[in-house]
Amino acid sequence: MKTRAVNLDFDTAPSVGHTYNGKLVEKYISTKSRILDIGCWTGQLFEAISQKRIKISGIDIDKKAVNQAKKKFPAGNWKVASAVKLPFENRSFDVVAFFDVIEHVPISSENKCINEVARVLKKNGILLLSTPADNIISKFSDPAYFLMGHRHYDKKDLYRYLKKNNFVIESSWQTGGIIYITYYLTQMIIKHLFKGSLPDNKLIDIYTKLAEKSFKKRNGILAHYIVARLRI
């Protein structure tokens, strides 16, 4: 897998998605929880979680991004590693966050990655997974789908990976309406073409709040979210 450049003006701050993911994680943790963030990048998910007394570990394949996470949150256990082979002992974590990562792992390694998650989760541990949905609108709103073969998934395939590795699906939904999609595309254009971030002003603040509201709706079209519990 190829790594991408770290844009320190953009990539180190939690996005609308990170904020949403952080609140989702908070529903399943306590101060004693041990959490693994797969694809941690520069630690935005941890920054978005209001409870900081948790024990968090994170992995990413990008060394520069992981180094940024170490600098920002030295109490965390940040490692350069792949989801295909997690550098942790069996039954180490209460919760594994696997947000927008499975589409980036090597082709045909999805089941292996889910098997690794099952290995490091404790009995009855929780997996929180998200990934782009396989529909026309989601694909056409994703430039990486055309430029890099960014994968999108049918929910049935995700269920198959999970059930094969002894997970029970507790809930699932789709997020991302039209307002969020336009917000996301605007971000990507500014980030990748102009190497910057959205400016700070009242209009952008309103736009961001509308995007957040759109993303929270569980009848979206952009991404799958699945909460699964390990049954062994």
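In which helix is Phe140 placed? In this predicted model, Phe140 belongs to helix H5. Its relative accessibility is 65%, and residues over 50% are called exposed, so Phe140 counts as exposed.

Phe140 is also part of a nonpolar patch on the surface, together with Ile136, Phe146, Leu147 and Met148. Taken together, these residues have about 700 Å² of accessible area. Two elements give two or more residues each to the patch: helix H5, with the range 136–140, and helix H6, with the range 143–148. The largest share comes from H6, which supplies three residues.

Further along the chain is helix H7, made of residues 155–164. At the start of H7, Asp154 places a side-chain oxygen within 2.8 Å of the backbone nitrogen of Lys156. After the helix comes Asn166, which has a positive phi, near 70 degrees.

Which residues of helix H7 are buried? They are Leu158, Tyr159, Tyr161 and Leu162. Because these residues cover an arc of only 160 degrees around the axis, they lie on the same side of H7. The face turned away from this buried side carries Lys156, Lys163 and Lys164, which are exposed. Lys156 therefore appears in two descriptions of H7: its backbone nitrogen faces the contact with Asp154 at the start of the helix, and the residue is exposed, as over 50% relative accessible area means by definition.

What do the buried residues of H7 pack against? Their partners are helix H4 (110–120) and three strands, E5 (121–132), E6 (167–175) and E7 (223–230).

Key. Residues numbered from 1 in each chain as written. Predicted model: local features only at pLDDT ≥ 70, side-chain atom pairs only at ≥ 80, totals over all residues. Heavy atoms only, no water. Patch = residues over 30% accessible without salt bridge, like charges linked within 9 Å, V, L, I, M, F, W, Y side chains within 5 Å. Areas by Shrake-Rupley, 256 points an atom, 1.4 Å probe, with all protein chains shown as cover. Salt bridge = Lys/Arg side-chain N within 4 Å of Asp/Glu carboxyl O. Helix = DSSP H or I, 4+ residues; strand = E, 2+ residues; numbered from the N terminus. Buried < 20%, exposed > 50% of the residue type's maximum accessible area, 1.4 Å probe, protein only. Arc of directions from axis to C-beta. Contact = heavy atoms within 4.5 Å. Polar contact = N/O pair within 3.5 Å; in protein donor to acceptor, adjacent residues only side chain to side chain.
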